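Reader: Before I rely on any of the labels attached to this model, I would like to hear how each one was reached. Could you take me through the reasoning?

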Amino acid sequence: MRQIIAMGGGGFWMEPENPLLDEYVLAASGLSRPRICFIPTACGDASHRIEQFYAAFNALPCRPAHLSLFRDPAGRSDLIKGSDILYVGGGNTRFMLAIWKACGLDRMLREAWEAGTLLCGLSAGAICWFAEGLTDSDGPLGPMDCLGFLPGACVPHYDGERDRRPAFHRFLKSGEIGEGLALDDGVAAHYVGKELKELVSSRASAGAYSVACRDGETREEALPVTCLGKKG
């Protein structure tokens with residue numbers, strides 16, 4: 001079963017005190033102690049992000065590892081093939097995809113997905129799986145082509161960054177980006193194959209939207225989101 005879980009924001013990266021989305025990812029694997037590999041390319045393999053990942057997932061029922069393309073590129077194939085879940089962090093989406101393509105990781109990730117490995121991530125790690133994304137990798141927000149595992153566009157941080165919504169609307173009207181999915185921080189979109197299975201959130205106020213342009217006007221449709229609850 002091909003699965004992708006795209007998070008608009010949240011998880012250990014943004015909500016270290018709230019493990020609900022990360023627990024959801026682990027449960028989606030269907031395994032009691034899945035092997036989960038963190039891919040922090042977009043943040044330049046920052047040590048503090050890798051440490052943050054281990055701090056979060058060592059406390060959860062899984063076997064964590066990480067893939068550093070800067071420090072141990074030779075081990076990438078074995079790590080990818082040996083993982084049940086591949087978790088991509090945030091950062092610079094253009095930089096990340098360029099590095100992946102240069103070393104063939106984009107191909108490895110597609111092969112892993114097609115073989116049943118669960119792919120997930122937040123921010124850059126959410127955008128990357130779609131045909132298009134809205135990113136500030138080059139400075140001002142703008143559209144970019146992504147891996148195309150999933151159709152349409154993805155826009156994360158929809159409520160967390162005030163420029164995201166107007167920028168998406170503007171590029172939709174100009175035809176520079178196609179219709180797609182907008183995700184607030186704390187919302188995860190769970191795809192099975194290329195179909196959206198469900199939307200879940202780590203907090204009650206977070207939402208998700210289908211955004212399109214019809215007759216020159218942008219239209220947002222609020223989508224049903226299931227809140228996973230609150231710890232504590």
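**From values to labels**

Author: Gladly, with the reminder that this is a predicted model. A place to begin is the largest pocket, where strand S8 (150-155) and strand S9 (180-183) each supply at least two residues of the lining.

Reader: Which of the elements gives the most to the lining of the largest pocket?

Author: That is S8, with three residues. The lining as a whole consists of Phe 130, Pro 151, Gly 152, Ala 153, Glu 179, Gly 180, Leu 181, Tyr 191, Lys 194, Leu 196, Ser 210 and Leu 223, and the pocket has a volume of about 180 Å³.

Reader: How do you know which classes the lining residues of the largest pocket belong to?

Author: The classes are fixed by residue type, with Asp, Glu, Lys and Arg counted as charged and Gly placed among the polar residues. On that scheme the lining has seven nonpolar, three polar and two charged residues.

Reader: What makes a set of residues a nonpolar core, and which members of the largest one touch the most others?

Author: The members must be buried residues of the listed nonpolar types, joined through side-chain atoms within 4.5 Å. The largest such core has 39 residues, of which Ile 39, Ile 80, Trp 100, Leu 105, Leu 109 and Trp 129 touch the most other members. Helix H6 (residues 105-114) gives the most to this core, with five residues. A second, separate core of 23 residues includes Phe 12, Ile 50, Phe 57 and Val 200. As a general background, nonpolar side chains in soluble globular proteins tend to be buried together.

Reader: What is Leu 105 in contact with, leaving aside its neighbours within four places in sequence?

Author: With that exclusion, Leu 105 is in contact with Ile 39, Leu 67, Leu 69, Ile 80 and Trp 100.

Reader: Why is Val 200 called buried or exposed, whichever applies?

Author: Buried requires a relative accessible area under 20%, and Val 200 has 2%, so Val 200 is called buried. The residue sits in strand S11 (residues 195-201), and, not counting residues up to four places away in sequence, Val 200 touches Leu 21, Tyr 24, Gly 186, Val 187, Ala 188, Val 225, Thr 226 and Leu 228. The C-alpha atoms of Val 200 and Ile 80, which are 120 residues apart along the chain, are separated by 26 Å.

Reader: Why is Asp 106 called partly exposed?

Author: The partly exposed class lies between the buried limit of 20% and the exposed limit of 50%; Asp 106, at 22% relative accessible area, therefore belongs to that class. Asp 106 lies in helix H6, and its contacts beyond four places in sequence are Trp 100, Lys 101, Leu 147 and Phe 149. For Leu 147, 41 residues away along the chain, the C-alpha separation from Asp 106 is 7.5 Å.

Reader: What makes Ala 74 count as exposed?

Author: Exposed means over 50%, and the relative accessibility of Ala 74 is 72%, so Ala 74 counts as exposed. Ala 74 is found in the loop between strand S3 and helix H4 (76-81).

Reader: How do you know that the buried residues of helix H5 line one face of the helix?

Author: The buried residues of H5 (residues 93-103) are Thr 93, Met 96, Leu 97 and Trp 100. Seen down the helix axis, these fall within an arc of 95°, so they line one face of H5. They pack against strand S2 (35-39), strand S4 (85-88), H6, helix H7 (124-127), strand S6 (130-135) and strand S7 (142-145).

Reader: What puts the buried residues of helix H3 on the same side?

Author: In H3 (residues 47-57), Arg 49, Ile 50, Gln 52, Phe 53 and Phe 57 are buried. They cover an arc of only 160° around the axis, which puts them on the same side of H3. On the other side of H3, His 48, Glu 51 and Ala 55 are exposed.

Reader: What is notable about the phi of Ser 123?

Author: Most residues other than glycine have a negative phi. Ser 123, however, has a positive phi of about 60° although it is not a glycine. Ser 123 is found in the loop between strand S5 (118-122) and H7, and at 14% relative accessible area Ser 123 is buried. His 157 likewise has a positive phi, of about 50°, without being a glycine.

How values were computed. Residues numbered from 1 in each chain as written. Predicted model: local features only at pLDDT ≥ 70, side-chain atom pairs only at ≥ 80, totals over all residues. Heavy atoms only, no water. 1 Å grid on protein atoms, 1.4 Å probe; cavity = no way out; pocket = protein on both sides within 12 Å on 5 of 7 lines; lining within 4 Å. Points joined across faces, edges and corners; volume = space filled by probe spheres on them. Helix = DSSP H or I, 4+ residues; strand = E, 2+ residues; numbered from the N terminus. Buried < 20%, exposed > 50% of the residue type's maximum accessible area, 1.4 Å probe, protein only. Contact = heavy atoms within 4.5 Å. Arc of directions from axis to C-beta.
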